[in-house]
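Biologist: Pick one part of this model and walk me through it closely. I'd like to know how it sits in the rest and what its side chains are up to.

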Amino acid sequence: MSEARSAEIARKTAETDVTVSVNLDGEGKSDIATGIGFLDHMLELLARHGLIDMTVVAKGDLHVDMHHTTEDVGIVLGQAVRQALGERRGITRYATAHLPMDECLSRVSVDVSGRPFLVWRVAFPAPKVGDMDTELFREWFQAFAMNAGITLHVECFYGDNSHHIAESCFKGLARALRAAIAIDPREGARVPSTKGSL
């Protein structure tokens, strides 16, 4: 692509202050600081396996809990990805990744459609991974999908370890998103839709 597919978004509320920059055609470099160690780890995996250069800086009301910060990071990262995609010309659009993580197997399917939707079929055997509530993973994926403008289906077929389950979901998203936003040389400058726009 001759044009850079990159964006920077900042969002400040009474609860959080989040700044995100992305380069969709990067090398997977990341600089992540959300104040939530496990979320930082998941976003580093997303960047590395999605080959998206990503900077995320978030300051939130962690004295309350991790909900607002987790959700708002998903919102702003989604907005940055959406802006970086522009008109979505030339992209592959659809992709699915099956991601094994030791005893766990998850499937993530993506349609970079402009029509946000999340199907989440993931159960965690433990209420927390580290200090992070496992119920917050759905909140992050929901916020990301809605603001990136993507249809996103996430399903864990089986798994016993909550860390592995979360990691397989984030790595699965990374690989599916990487394939879906890749430029298809056969598409040229066309938008991959019979409507002519996404």
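Modeller: Let's take helix H4. Of its 19 residues, 15 are buried, so the helix is largely enclosed by the rest of the structure. Bear in mind that this is a predicted model.

In sequence terms, H4 covers residues 162-180. From the first C-alpha to the last it reaches 27 Å, and that is close to the 27 Å you'd expect at 1.5 Å a residue. Look at the start of the helix too: there, Asn161 has a side-chain oxygen within 2.9 Å of the backbone nitrogen of His163.

Now go along H4 to Lys171, which belongs to this helix. You might guess that a lysine would stick out, but which way does Lys171 go, buried or exposed? Lys171 counts as buried, because its relative accessibility is 15% and the cut-off for buried is under 20%. As for its surroundings, if you skip residues up to four places away in sequence, Lys171 touches Leu45, His49, Leu99 and Met101.

So what does the charged end of Lys171 pair with? Its partner is Glu167, and the two side chains meet in a salt bridge at 2.9 Å, N to O. Both residues sit in H4, four residues apart, or about one turn of the helix. Glu167 is buried as well, just like Lys171.

For context, a search of the whole structure turns up eight salt bridges. Among them is one between the side chains of Arg107 and Glu155, at 2.8 Å from N to O. Arg107 is in strand S6 (residues 104-111) and Glu155 is in strand S10 (residues 151-158), so this pair ties together parts that lie 48 residues apart in sequence. That makes a handy contrast with the Glu167 and Lys171 pair, where both partners are in H4. Arg107 counts as partly exposed, because its relative accessibility is 29%.

Another salt bridge to click on joins the side chains of Asp133 and Lys128, at 2.6 Å from N to O. Here Asp133 is partly exposed, with a relative accessible area of 25%, and Lys128 also counts as partly exposed, at 42%. Back in H4, by contrast, Glu167 and Lys171 are both buried.

Technical notes
Residues are numbered from 1 along each chain as its sequence is written. This is a predicted model: local features need pLDDT of at least 70, side-chain atom pairs count only at pLDDT 80 or more; totals for chains, interfaces and linings use all residues. Side-chain values use heavy atoms; hydrogens and water are left out. Helices (H or I, at least four residues) and strands (E, at least two) are DSSP runs, numbered from the N terminus. Buried means under 20% relative accessible area, exposed over 50%, partly exposed in between (1.4 Å probe, protein chains only). Contact means heavy atoms within 4.5 Å. The expected span of a helix is 1.5 Å times one less than its number of residues. A polar contact is a pair of N or O atoms within 3.5 Å; within protein, one must be able to donate a hydrogen and the other to accept it, and residues adjacent in sequence count only if both atoms are side-chain atoms. A salt bridge is a side-chain nitrogen of Lys or Arg within 4 Å of a carboxyl oxygen of Asp or Glu.
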